[in-house]
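Reader: I would like a close look at one aromatic contact in this model. Please start there and then work outward through the parts around it in the text.
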Amino acid sequence: MRPDRRWRVPVAFGLVCLAAVVASVLTTAVPRTSASAAPRSVTSATLLCPDLGLDGRVPQLLDLVRGAGPGGAVQPSGGSALLDDDRQHDELLRLPPGAGPAGRSPGGRTGGGPLRLVAAGQAAAGLTATVTSPGSGAGPLRARCEQPRAHTWFAGPSTAAGRDPVLYWTNAGPRPARVDVGVVSPDGMSPRTEITIPPGRTVSRRLAALAPEAAATAIDIRTTAGRVLSWLVDRASGSGPEKATPVPPTAGPAARVLVGGLLTPAAAVRETRGPAADLVIAVPGRAATVRVTVLSPSGARVPAGLEAVRIPAGTTVHRPIALAPATASAVLVESTDGTGVVAALRLAGGGPDPVWVAGSMPERPRWTGQVSGDPVGMGAGPAPPGLVVAAAPVPRWTAGALVLVAPDRAATAWVDGTWVDVGAGRAVLAELPAGRTGARVVGSGGTLVATQVLGASPPVATPPTPGAGVFPAPADIPLFPVPVDPPAGAVSQTAVTLTAPVPRTVSAVVPLVGAWRYRSGPAPVADPRLLVGPAVSPEQRH
C-alpha cells in the first residue's frame, strides 16, 4: 500500500463523523420554530400614573382600556381590583379633594404621589391607562400611565417671570434611585444635577432652580440607579394645582421629529395675547440647521422664515408658527445635516394656560393590523395587531377627537371599524365613537402617528369644580342627547355613527403610544409613539 493511502480513508471517515456530530448539535441547540407558532402574551405589567391632582387637591379619573381577551385584573395601589368580570373597560374615580393619594403613607412624599397599577393575566396584554382631571378654562387635562424609563426628554416650558414649571420623580423600587438631570436653554447647557429619590417616594424640583430665567427649555433626565418615573407640569407663578398643565415626554435627539398631530382651537376662542403656536427646538449637541414643515388636510407647506432655522450648539430656540384655526395639523422638524434635535410645541388652546404637544420619531417601525375580508366593505375588520393603540373615553362633560398623521407614505387607519384614509404628508381629523369603552386604532400602509385631543365644545355642560370632589354622574349630565346605539360591525366614514363632539377649544393632546400584547415586542423606549409602516403580522415577527 502507498504511504498516502494509509491515512486517506481514516481521515475521510473522521470528517463524515465530525459533520454528523455538528449537525446533531445544531439541531439540538437551535430548535425549529414555526412561522405560525403563537407568540407568548404579556402576562404582567406595572404602570405609574402621574398625579395630576397633586396630593389629592383635585379630583381625577382613571381610565383603563383592555387590549386583549377576557381574564386577569388590574390592582391599583390602595384600591380594589379593576377590569374584573372580563369587562373591556373600567374607570375609577379617585383622589377627591381632601383625600390622600392611594397607597400613600402620611408625610411620605414631598410632591404629588402617582397611582401604581399592577396588571396580571390577560389584562396586562395591550393595557392602556390614562388619568384625567377637570382642568380649568379650555377643558380637561389628561396624561398617560407609563412604565419607569431609563431616559426621558421634555421640551418647552419657560422659567421666565410669570412661569414656574415643576419636575417630579417617583422611585418605584425598593432601593434608593438616582437621576442625572441636564437642561438646555437659549443660554446654553446648565451643569448637570444628580438627584436621589428614596424608595417609594416622590421628590420635586422647580425647573427655575435648574435653569433660571430661560425663555424655553429642553430637559434631559437619565436614570442612573433604580426604576424612576419622571413627569413635568407647567404652571403660572403662584397658581394652584388645578392650573398645572402636564407636559408630555418628547422624543430624544433625532434628525427628523414629528410634533403632533394636534388640533388648533376655533378662531373665536383663541388667545389674543402672544402667538397661537410657538415651536421650541433644542440642539443638545453640535449646531444645526433645521427645516420646518406644517402638515395639514390640504398637504405640506414650509412657513416663511422657517426654511432654514440655525440653532447654535447646545442651545434652545423658539419660533412662532402660523397654524390655521380649527384644523388638524402636525409639524415636521428636519435637520438638514443629520444633527439630532429635540422639539415640542406650545399651543394656545383657548384657555388661560398653554397646551404642550410632544414630538416623536417617524422612522421608528411598528406593527400594523392585517385586514381580513373585503377592505372596502370592511366586513371582517382588521385583525388585532401586536401593538394595541387605544384612546381612552372622552369625558361626558367635554369633547374629543383623533388626529391621524402620515408623514411619509399614505396610510389607512381603522378606528373601531370606521376607516379613515390619510394622504401622504397630511394630517386629518377623525371622530371618536361616543361611549364609555374608548376606541382602538389599527393602521396599515405608511407610517401612521395618532394623538387624542380633548377640549370643550359648546353647548358644554358645566365641568365639576375642584371643590366638588366628584365628576358628574351619568344621570346628571347625559352622554348623548339622543340614546341611539351605534351600528354593529364596521362601517364606512359616510355611515351615520354616534360620535363624540369635536373640541372647539384644546386642553390636552395625548400621544397614543400603544401597549404590546406579546413579550417579544421591543423594550420600552422614551418615545414609542408610532403605529407603523409596512403591514407585518405578529406571526411573521416571531
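Are tyrosine 168 and tryptophan 231 buried or exposed?

Author: The model is predicted. In it, tyrosine 168 is buried, and tryptophan 231 is buried as well. These two residues form an aromatic pair, and the structure holds one such pair. The arrangement is stacked, with 5.1 Å from centre to centre and 15 degrees between the planes. The planes count as stacked because the angle is under 30 degrees. The pair links distant parts of the chain: tyrosine 168 belongs to strand S9 (residues 166-171) and tryptophan 231 to strand S15, with their positions 63 residues apart.

Strand S15 also leads to the cavities. It spans 228-234 and supplies at least two residues of the lining of the largest cavity. The other strands that each give at least two residues to this lining are S7 (141-144), S16 (245-247), S25 (355-357) and S34 (508-511). The volume of this cavity is about 250 Å³, and 23 residues line it. Nearest its centre lie Arg142, Ala143, Pro246, Val247 and Pro248. By class, the lining has 17 nonpolar residues, with three polar and three charged ones.

The structure holds five cavities of 30 Å³ or more. The second largest has a volume of about 100 Å³. Its lining has 17 residues, and those closest to the centre are Ser136, Leu141, Thr245, Asp353 and Ser507. The classes in this lining are six nonpolar, eight polar and three charged.

Strand S25, named above for the largest cavity, is also part of a sheet. Four strands form this open, antiparallel sheet in the order S22-S18-S24-S25. S25 and strand S22 (315-320) are its edge strands, and each pairs on one side only. Neighbouring strands here are turned by 20 degrees against each other on average, direction ignored. Within the sheet, S22 and strand S18 (residues 277-283) are joined in the antiparallel sense by six bridges, and threonine 316 in S22 faces alanine 282 as its opposite residue.

The loop between S22 and S23 contains alanine 326. Its phi is near 55 degrees, a positive value in a residue other than glycine. Most residues other than glycine have a negative phi. Alanine 326 has a relative accessible area of 54%, so the residue is exposed.

Strand S23 (residues 328-335) is mostly covered, with eight of its eight residues buried. Both faces are covered. On one side the buried residues are Ala328, Ala330, Leu332 and Glu334, and on the other they are Ser329, Val331, Val333 and Ser335. Seven bridges pair S23 with strand S17 (residues 256-263) in the antiparallel sense, and valine 331 in S23 stands opposite valine 259. S23 also runs antiparallel to strand S19 (residues 288-296), with six bridges joining them. In S23, alanine 330 has leucine 295 opposite.

Strand S17 also holds glycine 261. The peptide bond from glycine 260 to glycine 261 is cis, with omega near 10 degrees. Most peptide bonds are trans.

A second positive phi belongs to glutamate 213, which is not a glycine and has a value of about 50 degrees. Glutamate 213 sits in the loop between helix H2 (207-210) and strand S14 (218-225). With 57% relative accessibility, glutamate 213 counts as exposed.

Another open sheet has three strands in the order S1-S5-S3, with antiparallel pairing. Strand S1 (44-49) and strand S3 (73-76) stand at the edges with a single partner each, so one side of each has no neighbour in the sheet. The twist averages 20 degrees from one strand to the next. Between S1 and strand S5 (residues 115-120) there are six bridges in the antiparallel sense. Leucine 115 in S5 stands opposite cysteine 49.

A further tryptophan, tryptophan 516, lies in strand S35 (residues 515-516). Its relative accessibility is 16%, so tryptophan 516 counts as buried, the cut-off being under 20%. Its C-alpha atom is separated by 6.4 Å from that of alanine 125, although the two residues are 391 residues apart along the chain.

Key: Residues numbered from 1 in each chain as written. Predicted model: local features only at pLDDT ≥ 70, side-chain atom pairs only at ≥ 80, totals over all residues. Heavy atoms only, no water. 1 Å grid on protein atoms, 1.4 Å probe; cavity = no way out; pocket = protein on both sides within 12 Å on 5 of 7 lines; lining within 4 Å. Points joined across faces, edges and corners; volume = space filled by probe spheres on them. Nonpolar A, V, L, I, M, F, W, Y, C, P; charged D, E, K, R; others polar. Pairing = 2+ DSSP bridges. Axes fitted to C-alpha atoms, helices over the stretch in contact; angles between N-to-C directions. Phe/Tyr/Trp six-rings, centres within 6.5 Å; stacked < 30°, edge-to-face > 60°. Buried < 20%, exposed > 50% of the residue type's maximum accessible area, 1.4 Å probe, protein only.
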